Amino acid sequence: MIQPAKISEIPEILSMTRACRVHMESKNIFQWTTEYPSEEKFLSDIERQELYVLKKEEHIIGCIVISTLMDEEYKEVAWLSPNSKNLYVHRLAVHPENQGKGYAQQLMDFAENYARENDFKSIRLDTFSRNKRNQRFYEARGYKKLKDIYFPEQSTYPFHCYELVV
């Protein structure tokens, strides 16, 4: 079940995203850091009513942020659609114990359905250039790879921007 996150769930969300970071690092993917994603980011996401959690038997096994805010780093990208009525996906995560079972697909289905039901023009996101699995995941869903951007506090490697016109 996918539902809006609550402030009281932040410790469980952070525990899940930490497990994701450690799992990625075990595969030499240094996409997330000990500082990102942070409690402050998740608090802000909840205040903006943009953080959703996926629960299985009352435990949080995944999360996704569906935002209308364009990050500063995205402003130089030549997007496929005009800069109006766009959704931005951030911090998509599924606990490593539950990966490979279609839960990330469910979270993205949720975001894409939300976009269509609310007349958004597109969904935009970025994924780490060293995370080939994520790139295949988004490309298989029809997302088009665009410009690279950088988050120097996270990595010296670029992040690929993707967009799906809905």
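Which residue in β7 is the bridge partner of R124? Select R124 and look across to β7: the partner is E163. Keep in mind during the tour that this model is predicted.

Now show β5 and β7 in full. The two strands run antiparallel and are joined by seven bridges.

Next, select the whole sheet. It is open, has seven strands and follows the order β1-β2-β3-β4-β5-β7-β6, with mixed pairing. Go to the edges, where β1 (2-4) and β6 stand; each has a single partner strand, so one side of each is left without a neighbour in the sheet. On average, neighbouring strands here are turned by 30° against each other, direction ignored.

Add helix α1, residues 10-26, which packs on the sheet. The strands touched by α1 are β2 (51-56), β3 (59-67) and β4, and the direction of α1 makes about 90° with that of β3.

Move on to helix α4, residues 132-140. Colour Q135, F137 and Y138, which are buried. Looking down the axis of α4, you will find these buried residues within an arc of 160°, so they line one face of the helix. R136 and A140, on the other side of α4, are exposed.

What covers the buried residues of α4? Show β4 (86-94), α3 (103-117), β5 (122-128), β6 (144-149) and β7 (159-165), which are among the elements that do so. Helix α4 lies across β4, β5, β6 and β7, and runs at about 160° to β5.

Last stop: select G142, just after α4, where phi is positive, at about 100°.

Key. Residues are numbered from 1 along each chain as its sequence is written. This is a predicted model: local features need pLDDT of at least 70, side-chain atom pairs count only at pLDDT 80 or more; totals for chains, interfaces and linings use all residues. Side-chain values use heavy atoms; hydrogens and water are left out. Buried means under 20% relative accessible area, exposed over 50%, partly exposed in between (1.4 Å probe, protein chains only). Helices (H or I, at least four residues) and strands (E, at least two) are DSSP runs, numbered from the N terminus. The arc is that of the directions from the helix axis to the C-beta atoms. Contact means heavy atoms within 4.5 Å. Two strands pair if DSSP finds at least two bridges between them. Axes are lines fitted to C-alpha atoms, for helices over the stretch in contact, and angles run from 0 to 180 degrees between N-to-C directions.
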